[in-house]
Amino acid sequence: MDRLRGALDFCIRHQTVLGYSIVSLLTAASEHIFSSVVFKCPCNSANMLYGSVFLLVPAFILLLLGYMVNARTWRLLTGSCPSEKCCNCSPWGTCSRYCQVLVPVTARAVVAPLTWIAVALLRANFYACAASGNSLIKDLICKDQGEECQNLLLKIPCDEKLSTKISSEFLSLEAQSQLIGWFLIASIMTVALISTCVSRCCSPVSYLQLKFWKIYSKEEQEHFEIKAKEHATKLAKINTNCFFEATDPAPFQTPSNEDWRKISFLYTFNSQEQYYSMIHKYVNTNRGNNAKFEEGGQNPTVLGFVDEAHAIESGF
Amino acid sequence: MDGFQTVLKFFMNRKTAIGYSFMALLTMGGERVFSLVAFRCPCSNENFRYGLVFLFSPAFVLLVIGYFLNSKTWKLFTGCWVNPRKIFPRGNVCHFFYVFGQITLNALVAPVMWLSVALLNGTFYECAMSGLENPDHLNVVCNRKSEKCFEELHKVPCDKSSMPFSESDELKRTLQAQSQILGWCVIVTTALLSLLTTCCASCQSKVSHLQLMFWRVYEGTEKEQLEHIFQLYATKLSERNLKCFFENKEPEPISLPAFQAWENASQLYSFGSTKQHYSTIHRLVEEGQKGINEERETMLDSVDRREIP
């Protein structure tokens, strides 16, 4: 029992990393299923289209899913269409703010598609099918060998033995695919390392404070859910009782629409103040009425976790 | 016990994703069962009709089930014959189409999943297209094949044609490849459209993000409270009635909402940005019966979107 609890604690502490690992494993497993059960190279002139569709379309769909599931996307988008009140907002400013927020969101959404492409390239089925129909590869491999070679090349994904009939000093299509796959994995890892270093380097917040901040975000989000449920239950009880008893409801304090709007802004960091979330800022600046509440701030990438803490459910 | 609670909370937080994955798995399983057990391509001139029926009828059935299971449908249609003004309120005729459109979009999820899984499998499409007698289609498929292809294409799915194996195998692969590419197109189009419509709806939302989250929680708890109070009052009333029947006494008064109050409470809710009401009952209770007939502002679909009967 104790060991189970210890294991569970470990899982909870590292849930982000575990979450991404599970997503990658699921993507790899479904790629395996698709590759062995669904994929059948047609071995004719449609090879290129078929192979590329299987390689790229699922990656695109996973990217779209990644955007839909990220809470920061919806926090940015909800209610942000330019309304009549916003005639002095510059389109350039809005555009750059959107980009600044969407870049870290894209970085997280891109994990599953890249896993799919890397695993698919390592298995080589999709690439071999697509490349055997590609005119560039055809010119490279079938240089001076005429029609016969081109027809054989198209049939290679269906029959392994045909590859011996084509004499070529180029690597087999499977080998090419796997090389490209490993190169992709290596470059993704390098880019990830460099961008994490750069964002940490440019972080205005120290290491220990960042650690505390992550824990604070998680706790605040849990308490928000508990308090929201409590508040909603009280309000619902009052309303349903009054409906049945045809009485007037007792006055009940609930945050106004304006209050909700103020805490729903995307968090911006200001090194003069020490606020760990929009709710913190709101509560400390006289419920957002203080001028300090509206003061602009930076949007450092290292603080991306602040608005992502809210549940995945928010997107749907 | 604690650990179990944590695990349960983890899964409850992701119940939409888990729900959709479960639906996808169920669709895949159902499609497999159909294509292995029930589907037998006739390999004659009837291929086209047979394949299309197997492709689209289950989708239609799933659409109808989707309509049935959405409680918004019944909220919209209950009592509409007696009082047509309910669904076509004065000054807001498009209201009905807007709500019906939302219900249809929700109900379309399962049929689209079926279609994409069936197309990715390729069996139904292969059977249907091998029976299509359109000359342009035959020219494209039987390009560079023997003459027999034009006459015997419909026998290819059962491997009963007299063409050499390599040719019939290639024909099958071509048809399956077309089917799978079409399936991916359906999935991508659906995903793009749903992302775009959700983005547009979010953008135009008059409610901020966190208030929307609170609203969803409120919606769930109000439903629970309503069921609880229905149970309570129903028990009280039935006990009183039966007691008075058996003991031949006069009934003591129990106050219940009037007929008009029930009518008002059953209307679909629309959010007014100047007021702060989270549901029809909330508005009724705070403003009294007169509040219901005021102008409607934005229709926010999230309030009633995920109710279950």
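A polar contact is a pair of N or O atoms within 3.5 Å; within protein, one of the two must be able to donate a hydrogen and the other to accept it, and residues adjacent in sequence count only if both atoms are side-chain atoms. The exercises below concern a predicted model.

**Exercise 1. A serine in helix 10**

Task: Determine where A:Ser177 lies, whether A:Ser177 is buried or exposed, and which backbone atom lies 2.4 Å from a polar atom of its side chain.

Solution.
Step 1. A:Ser177 belongs to helix 10 of chain A, which spans residues 173-201.
Step 2. The relative accessibility of A:Ser177 is 0%. Buried means under 20%, so A:Ser177 counts as buried.
Step 3. A polar atom of the A:Ser177 side chain lies 2.4 Å from the backbone oxygen of A:Leu121. The distance limit for a polar contact is 3.5 Å.
Step 4. Setting aside residues up to four places away in sequence, A:Ser177 touches A:Leu121, A:Ala124 and A:Tyr127.

**Exercise 2. A glutamine in helix 10**

Task: Classify A:Gln176 as buried or exposed and identify its contacts beyond four places in sequence.

Solution.
Step 1. A:Gln176 is located in helix 10 of chain A.
Step 2. Its relative accessibility is 15%. The limit for a buried residue is under 20%, and A:Gln176 therefore counts as buried.
Step 3. With neighbours within four places in sequence left aside, A:Gln176 contacts A:Tyr127, A:Ile137 and A:Leu171.

**Exercise 3. The surroundings of a phenylalanine**

Task: Describe the setting of A:Phe126, and state how far apart A:Phe126 and A:Phe39 are in sequence and in space.

Solution.
Step 1. A:Phe126 is part of helix 7 of chain A, residues 125-132.
Step 2. A relative accessible area of 1% makes A:Phe126 buried.
Step 3. Along the sequence, A:Phe126 and A:Phe39 are separated by 87 residues, whereas their C-alpha atoms are 8.2 Å apart.
Step 4. A:Phe39 is also one of the residues that A:Phe126 touches when residues up to four places away are not counted. The others are A:Glu31, A:Ser35, A:Gly51, A:Phe54, A:Leu55, A:Trp116 and A:Ala120.

**Exercise 4. Two residues with positive phi**

Task: For A:Cys43 and B:Asn248, give the phi angle, the location and the exposure class.

Solution.
Step 1. A:Cys43 is not a glycine, yet its phi is positive, at about 55°. For B:Asn248, likewise a residue other than glycine, phi is positive and near 55°.
Step 2. A:Cys43 sits in the loop between helix 2 and helix 3 of chain A. B:Asn248 occupies the loop between helix 11 (209-247) and helix 12 (259-265) of chain B.
Step 3. A:Cys43 is buried, its relative accessible area being 3%. B:Asn248, at 71% relative accessibility, counts as exposed.

**Exercise 5. Two domains of chain A**

Task: Characterise the contact between domain 1 and domain 2 of chain A by its residues, its buried area and its polar pairs.

Solution.
Step 1. Domain 1 of chain A comprises 39-76 + 95-202, and domain 2 comprises 207-286. Their centres, taken over C-alpha atoms, are 45 Å apart.
Step 2. Five residues from domain 1 of chain A and seven residues from domain 2 of chain A form the contact.
Step 3. About 450 Å² is buried between the two domains, with 53% of it on carbon and sulfur atoms. On the side of domain 1, A:Arg72, A:Arg75 and A:Arg200 supply 83% of the buried area, more than any other three residues.
Step 4. Between the domains there are zero salt bridges and one residue pair in polar contact, both residues at pLDDT 80 or more.
Step 5. Helix 4 (residues 71-77) of chain A gives the most to the domain 1 side, with three residues. By class, that side has two nonpolar, no polar and three charged residues.

**Exercise 6. The interface of chains A and B**

Task: Describe the interface of chain A and chain B, and find which residues form its salt bridge.

Solution.
Step 1. The interface brings 65 residues of chain A into contact with 69 residues of chain B.
Step 2. The buried area is about 6,100 Å², and carbon and sulfur atoms give 69% of it.
Step 3. One salt bridge is found across the interface. Its partners are the side chains of A:Lys155 and B:Glu170, at 3.6 Å from N to O.
Step 4. There are also 13 residue pairs in polar contact across the interface, both residues at pLDDT 80 or more.
Step 5. Several helices of chain A each supply at least two residues of its side, among them helix 1 (2-13), helix 2 (15-38) and helix 3 (47-69). The largest share, 18 residues, comes from helix 11 of chain A.
Step 6. The chain A side divides into 38 nonpolar, 16 polar and 11 charged residues.

Technical notes:
Residues are numbered from 1 along each chain as its sequence is written. Chains are lettered from A and ligands numbered from 1 in the order in which they are written. This is a predicted model: local features need pLDDT of at least 70, side-chain atom pairs count only at pLDDT 80 or more; totals for chains, interfaces and linings use all residues. Side-chain values use heavy atoms; hydrogens and water are left out. Domain bounds come from an automatic or database domain assignment. Contact means heavy atoms within 4.5 Å. Buried area is the accessible area (1.4 Å probe) that two parts lose on being put together, summed over both. A salt bridge is a side-chain nitrogen of Lys or Arg within 4 Å of a carboxyl oxygen of Asp or Glu. Helices (H or I, at least four residues) and strands (E, at least two) are DSSP runs, numbered from the N terminus. Ala, Val, Leu, Ile, Met, Phe, Trp, Tyr, Cys and Pro count as nonpolar, Asp, Glu, Lys and Arg as charged, and the others, Gly among them, as polar. Buried means under 20% relative accessible area, exposed over 50%, partly exposed in between (1.4 Å probe, protein chains only).
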